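Q: Could you take me through this structure, giving the general idea behind each feature before the case at hand?

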Amino acid sequence: MTNRITESHLQAIVDRLNRITESPAAPYVDGKAQIGNYHLSHAYGGVCLHRMHNDGGGVSSPLSCGHTTKRELASMLYAFIAGINSVKGA
């Protein structure tokens with residue numbers, strides 16, 4: 001039996017990603033975009049990782065996968081974090 005990947009599960013992974021990259025925890029504070037913040041985007045019945053790119057609220061998609069299933073995104077996030085930790089020597 002596989003475990004269900006929930007919204008809170010994905011958010012916890014993204015929160016961890018923001019901590020280890022020392023990125024802002026929230027995408028916006030007092031209406032101002034927080035450059036560098038990783039956050040979830042929902043569209044087309046799927047979910048995607050976005051990173052705040054500029055103070056106008058523009059984003060990039062660091063995993064270049066578009067909106068996908070929660071399970072696929074969780075797998076990609078774990079690999080992304082493992083790669084960051086590998087570079088950091090953690």
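A: We can start with one residue: N18 has its place in helix α1, where helices are DSSP runs of H or I with at least four residues, strands are runs of E with at least two, and both are numbered from the N terminus. This is a predicted model, in which local features need pLDDT of at least 70 and side-chain atom pairs count only at pLDDT 80 or more, while totals for chains, interfaces and linings use all residues. Residues are numbered from 1 along each chain as its sequence is written, and side-chain values use heavy atoms, with hydrogens and water left out.

Q: Is N18 buried or exposed?
A: Buried means under 20% relative accessible area, exposed over 50%, and partly exposed in between, with a 1.4 Å probe and protein chains only. N18 is buried, its relative accessible area being 3%.

Q: Which residues is N18 in contact with, leaving aside its neighbours within four places in sequence?
A: Contact means heavy atoms within 4.5 Å, and with those neighbours left aside N18 is in contact with S23, P24, A25, G36, N37 and Y38.

Q: What do the buried residues of α1 pack against?
A: The buried residues of α1, among them L10, I13 and L17, pack against β3 (38-43), β4 (46-52) and α2 (70-88).

Q: How many disulfides does a search of the whole structure find?
A: A disulfide is a pair of cysteine sulfur atoms within 2.5 Å, and the search finds 0. The sulfur of C48 has its closest cysteine sulfur in C65, at 4.8 Å, which is too far for a bond. C48 is buried at 2% relative accessible area, whereas C65 is partly exposed at 28%.
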